[in-house]
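User: Hey, could you walk me through this one? I'm new to reading structures.
Analyst: Sure, here it is.
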Amino acid sequence: MTRWFEDIVVGETFPLGQHTFTEAEIIRFGKLYDPQYFHIDPEAAKAGPFGGLVASGWHTAAVGHRKMVDALDAEAQRLRELGEEPGISGPSPGVDKLAFLVPVRPGDTVTYSMVVTGKRLSGSLPGWGLLFNTVESTNQRGEIVYRAEFAAFSKLRQPA
Amino acid sequence: MPPTAARRYFEDLKIGEVIPLGSQTITRDMILGFAREFDPLPFHLDDEAAKRSLLGGLAASGWQTGALTLRLLGEHFLTRIASAGGLGFSNLKWKKPVMVDDTIFPTATIATLRRSASRPDRGIIALDLVVTNQHGAEVMTMTLANLVETRAPGDQP
């Protein structure tokens with residue numbers, strides 16, 4: 001998936017595409033993973049802190065993760081079409097911080113992008129590097145919905 | 001009657017309170033279903049690719065471990081207090097992979113409580129979440145921040 005560690009450019013921004021959240025999928029995710037009334041009950045939500053139904057923050061972030069995986073895959077496909085062997089993405093060791101800034105309501109369209117803010121060789125895993133990424137997402141009004149800073153392992157083309 | 005009537009409010013919560021959150025076993029079908037929807041990386045979808053990966057075998061998406069932990073936190077805590085929405089989380093660490101048929105046991109501890117500076121009707125609670133597996137090993141930890149309604153002035157606790 002995507003590029004080798006050596007070919008990742010710090011500061012490069014990757015557009016990740018967008019997603020429109022329907023009421024049905026907000027409620028479905030809420031019932032499965034975040035069963036608070038303002039995520040699952042449109043009527044009760046009217047009297048709640050957001051004045052209506054809003055998506056679980058974990059939902060908007062999980063969709064953002066999916067968008068990132070799809071973008072990594074698209075980059076790998078692009079490299080294959082150029083006759084190059086794509087790199088290998090590893091798992092993530094964690095998320096430094098994720099802030100939910102503006103709620104996502106039914107019908108909102110969220111646009112996601114990612115920037116690589118740093119990279120270094122892994123101290124614990126020979127042959128792997130760590131990427132430091134920030135995903136930012138904005139709604140159709142240009143408001144930042146959430147921002148996530150997280151790390152991800154990336155394989156070296158030439159093990160050090 | 002407001003949706004949060006009869007729930008615990010900010011003033012009812014205590015630093016150090018430990019909230020057991022039950023458990024959840026994660027099946028192969030759950031791992032594949034979540035991965036197809038939110039995290040279609042080979043090591044969450046394919047046994048052979050997973051064996052060759054850093055995870056050493058088919059493992060749940062970390063986002064799934066988090067989502068299932070959130071569900072248990074919702075059932076056991078957030079739907080029983082006057083929650084006014086999540087602010088985010090920090091220091092999330094995926095320490096060990098959650099493999100097929102592993103059971104996760106999350107626990108939440110109230111780490112800090114403070115009044116919102118901008119909203120007198122809100123407090124901010126920080127929860128330390130520790131998720132262990134059936135072997136007692138930590139698989140995920142994080143600190144989650146959530147808004148909680150305060151009692152209206154004059155309300156009796």
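Analyst: One term to start with: two residues are in contact if their C-beta atoms, placed from the backbone, lie within 7 Å. Also, this is a predicted model, where local features need pLDDT of at least 70, side-chain atom pairs count only at pLDDT 80 or more, and totals for chains, interfaces and linings use all residues. Residues are numbered from 1 along each chain as its sequence is written, while chains are lettered from A and ligands numbered from 1 in the order in which they are written.
User: OK, so what does B:Val148 touch?
Analyst: Leaving out residues up to four places away in sequence, B:Val148 touches B:Tyr9, B:Phe10, B:Leu13, B:Ile81, B:Ala82, B:Ser83, B:Ala84, B:Gly123 and B:Ile125.
User: Switching topic: how many residues does each chain put into the contact?
Analyst: Chain A puts in 33 residues and chain B 31 residues.
User: And which part of chain B gives the largest share?
Analyst: Strand S3 (83-94) of chain B, with 12 residues. Strands here are DSSP runs (E, at least two residues) and helices are runs of H or I, at least four residues, numbered from the N terminus.
User: How does S2 of chain A run relative to S3(B), parallel or antiparallel?
Analyst: Antiparallel: five bridges join S2 (residues 94-100) of chain A to S3(B). Strands count as paired if DSSP finds at least two bridges between them. One bridge partner in S3(B) is B:Phe89, which goes with A:Leu98.
User: What ipTM does the predictor give the complex?
Analyst: The ipTM is 0.94, and the pTM is 0.95.
User: And the mean pLDDT of chain B?
Analyst: The mean is 94, with 96% of the residues of chain B at 70 or more; pLDDT is the predictor's confidence in each residue, from 0 to 100.
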